[in-house]
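Subject: A structure for you to look at

Hi there,

I am handing over a structure that you have not seen before, and I thought a short tour might help. Please open it first, then read on with the chains in view.

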Amino acid sequence: MEGTQERQRADDAERRRWMGILARSNAAAIEARLAEAPALPSHTRLRGPETGLVMVRGRAGGDGAPFNLGEMTVTRCAVRLADGTVGHAYQAGRDARAAELAAALDAALQDPARRPALMASVVEPLAAAQTEAREREARRAAATRVRFLAMETTR
Amino acid sequence: MTGLLPGFADPVVDAQSTFRAVLEAMARPGRVHRLSAPPAAPAPLSPAAGAVLLALADGETPLWLNAGADATEWARFHAGCPVVADAGEAEFVLAIGAPPALSALQVGTDEDPHRSATLILQVQALEEGAGWRLTGPGIEREHRLRVAGAPEGFLAQWAANRALSPRGVDIILCAGDRVAALPRGTMIEEG
């Protein structure tokens, strides 16, 4: 019993990771990776892709009283494969194609037989590209960092 | 579980045309309306019952239903409505076969008669022109409605429901892709 629960938790964590990576990718990036991957199984749309607004809530200082920060645009999609597996995707913005591709990928990735190939050819390259973009941005920001100690010494 | 099925093909247009059909049915009790594009609802739910459910239920309307796990999952996913275990707490009650007693559902209060439950009742067939004799608001002389598969003792329960006026339960009858309505003010006599 405990073993199955642990396995379920590990599966959930892995799925959360690939859903997050797909949610941060745009349609062009996903399609470019899919061109070199095994073909996705055909799917039917259960819901969407549809665009709506989601209220983003915040807390002052991270632990203050919650307040509504504002609404953001979100596109979501749910698809179903022939074997009944359901895939979900939520994307910031209104990229409907990306949401549908991400949902289809989420459904296909739940199949242990398809997972390794898709992870290697689609998800991991996307993750690497996102990490690299984040680090590039961090380096650019670091280059303009102001050191107050340095200002003191130049005075 | 056979897995989730899609809802309306075109959610906005199809939900509006279904809503319009229910509105017409409520305005003319006993008239049978055919829905243009009902979804393929999971068995044993009929397309009409599924369409009415998706058009009316939302996140603020507790639902009670006895149509099995597939239909429950489908309703939660597409309508986003909370599903309750006690029919007395539900605003929409979807029943296939034997529904809960009308007296066990919410009937509203004299100040807020609209806070009553609406029963979506799936029957075997609906036919105009024969059967029950309907009179009341929205009916010039009389409408005839034949309902195949109405629950046992229904007319006695309906008379008791009507006596609660202005409180009481409204009923939407569904069979195949057809709907008809029995708002609480309608009188029914055996044909």
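Helices and strands here are DSSP runs, numbered from the N terminus: a helix is H or I over at least four residues, and a strand is E over at least two. Counted that way, chain B has four helices and nine strands. Please keep in mind that this is a predicted model.

**Chain B overall**

Starting at the N terminus, the order of elements in chain B is α-β-α-β-α-β-β-β-β-α-β-β-β. The C-alpha trace of chain B spans about 45 × 35 × 30 Å along its principal axes. How does its radius of gyration fit a compact globule? For 191 residues such a globule would come to near 16 Å, and chain B has 16 Å, so the two agree. Of those 191 residues, 43% are buried. Looking at contacts in chain B between residues at least 6 apart in sequence, 63% link residues at least 24 apart.

**The six-stranded sheet**

A good place to begin is the open sheet of six strands in chain B, whose order is β1-β8-β7-β4-β3-β2, with mixed pairing. At its edges are β1 and β2 of chain B, each of which pairs on one side only. As general background, strands of a sheet pair through backbone hydrogen bonds, in either a parallel or an antiparallel way.

Strand β3 of chain B, residues 92-96, deserves a closer look. Is it buried or exposed? Five of its five residues are buried. Both faces are covered, with B:F92, B:L94 and B:I96 buried on one side and B:V93 and B:A95 buried on the other.

Now follow the partners of β3(B). Strand β2 of chain B (residues 63-65) runs parallel to β3(B) and is joined to it by three bridges; B:L63 has B:F92 as its bridge partner. Strand β4 of chain B (residues 118-122) also pairs with β3(B) in the parallel sense, over five bridges. Here B:I96 is opposite B:Q122.

Two helices are worth finding around this sheet. Helix α3 of chain B (residues 69-79) belongs with β2(B) and β3(B) to a β-α-β unit, and that unit is left-handed. Helix α2(B) lies across β3, β4, β7 and β8 of chain B, and runs at about 135° to β7(B).

**The three-stranded sheet**

Chain B also has an open sheet of three strands, in the order β6-β5-β9, with antiparallel pairing. Why do β6 (143-148) and β9 (187-189) of chain B each have one side without a neighbour in the sheet? They stand at the edges and each has a single partner strand, so one side of each is left free of a neighbour there. On average, neighbouring strands of this sheet are turned by 60° against each other, direction ignored. Strand β5 of chain B covers residues 125-135 and pairs with β9(B) in the antiparallel sense over three bridges. To locate this pairing on screen, look for B:T135, which is opposite B:M187 in β9(B).

**Two cis peptide bonds**

Most peptide bonds are trans, but two in chain B are worth checking. The bond from B:A43 to B:P44 is cis, with omega near 5°, and B:P44 sits in the loop between β1 (33-34) and α2 (47-56) of chain B. The bond from B:S165 to B:P166 is cis as well, again with omega near 5°. You will find B:P166 in the loop between α4 (154-162) and β7 (170-175) of chain B.

**Chain A, and where the chains touch**

Chain A has five helices and three strands, in the order α-α-β-β-β-α-α-α from the N terminus on. Its radius of gyration is 20 Å, whereas a compact globule of 155 residues would have one near 15 Å. The C-alpha trace of chain A spans about 70 × 40 × 40 Å along its principal axes. Of its 155 residues, 23% count as buried. Among contacts in chain A with a separation of 6 or more, 56% come from residues 24 or more positions apart.

Finally, how many residues of chain B are in contact with chain A? Six residues of chain B contact seven residues of chain A. On the chain B side, two of the residues are nonpolar, four are polar and none is charged.

Enjoy exploring,
A colleague

Note on methods:
Residues are numbered from 1 along each chain as its sequence is written. Chains are lettered from A and ligands numbered from 1 in the order in which they are written. This is a predicted model: local features need pLDDT of at least 70, side-chain atom pairs count only at pLDDT 80 or more; totals for chains, interfaces and linings use all residues. Two strands pair if DSSP finds at least two bridges between them. Axes are lines fitted to C-alpha atoms, for helices over the stretch in contact, and angles run from 0 to 180 degrees between N-to-C directions. Two residues are in contact if their C-beta atoms, placed from the backbone, lie within 7 Å. Ala, Val, Leu, Ile, Met, Phe, Trp, Tyr, Cys and Pro count as nonpolar, Asp, Glu, Lys and Arg as charged, and the others, Gly among them, as polar. A residue is buried if 20 or more other C-beta atoms lie within 10 Å of its own, exposed if 12 or fewer, and partly exposed in between; C-beta atoms are placed from the backbone. A crossover is right-handed if, with the strands pointing away from the viewer, the path from the first strand over the helix to the second runs clockwise. The radius of gyration is taken over C-alpha atoms; the globule rule is 2.2 Å times the number of residues to the power 0.38.
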